[in-house]
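Subject: Structure for you to look over

Hello,

Please find the structure we spoke about below. My notes on what turned up follow it.

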Amino acid sequence: MKKSLLVLSLTLLYFSSFSQERLSAETKKFVVFKDSIIVFKDAVLIDGTGTDSRSHQSVIIKDGKINWIGDDAKAIIPQGAKTIDLNGKALM
């Protein structure tokens with residue numbers, strides 16, 4: 001009985017770790033795009049660490065998380081991604 005309960009508990013814990021994060025109503029007001037992959041390209045990137053800003057940068061967001069950051073020339077844009085050109089704009 002104890003072993004079955006332990007296996008059931010671990011199974012539930014395992015599958016709950018894959019559940020998608022739900023956004024609060026307050027947060028949803030700031031979410032404009034719901035695409036699974038979004039690419040911000042040609043941005044002036046300010047990373048908040050105090051280093052100099054970098055021009056012509058791309059940021060790839062996959063499933064709501066930063067997947068890649070780097071020079072536009074090195075970016076491999078995934079097929080089907082929503083691409084947003086930020087030419088002349090900063091991204092922090």
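The protein chain in this predicted model holds two helices and five strands. Read from the N terminus, the order is α-α-β-β-β-β-β.

On burial and surface: the protein chain has 92 residues, of which 20% are buried. Its exposed area is about 7800 Å², and 58% of that area comes from carbon and sulfur atoms.

On contacts: taking those between residues at least 6 apart in sequence, 46% link residues that are at least 24 apart.

On charged pairs: side chains of opposite charge can pair when their charged atoms come close. How many salt bridges does a search of the whole structure find? The search gives two.

One salt bridge joins E26 and K29, with 3.2 Å between the closest N and O atoms. E26 has a relative accessible area of 48% and is partly exposed. K29, at 59%, counts as exposed, because the cut-off for exposed is over 50%.

The other salt bridge is between R54 and D47, where the closest N and O atoms lie 3.8 Å apart. That pair counts because the cut-off is within 4 Å. R54 is partly exposed, at 35% relative accessibility, and D47 is partly exposed as well, at 37%. Neither R54 nor D47 is classed as buried, because buried requires under 20% relative accessible area.

Regards

Notes. Residues numbered from 1 in each chain as written. Predicted model: local features only at pLDDT ≥ 70, side-chain atom pairs only at ≥ 80, totals over all residues. Heavy atoms only, no water. Helix = DSSP H or I, 4+ residues; strand = E, 2+ residues; numbered from the N terminus. Buried < 20%, exposed > 50% of the residue type's maximum accessible area, 1.4 Å probe, protein only. Contact = heavy atoms within 4.5 Å. Areas by Shrake-Rupley, 256 points an atom, 1.4 Å probe, with all protein chains shown as cover. Salt bridge = Lys/Arg side-chain N within 4 Å of Asp/Glu carboxyl O.
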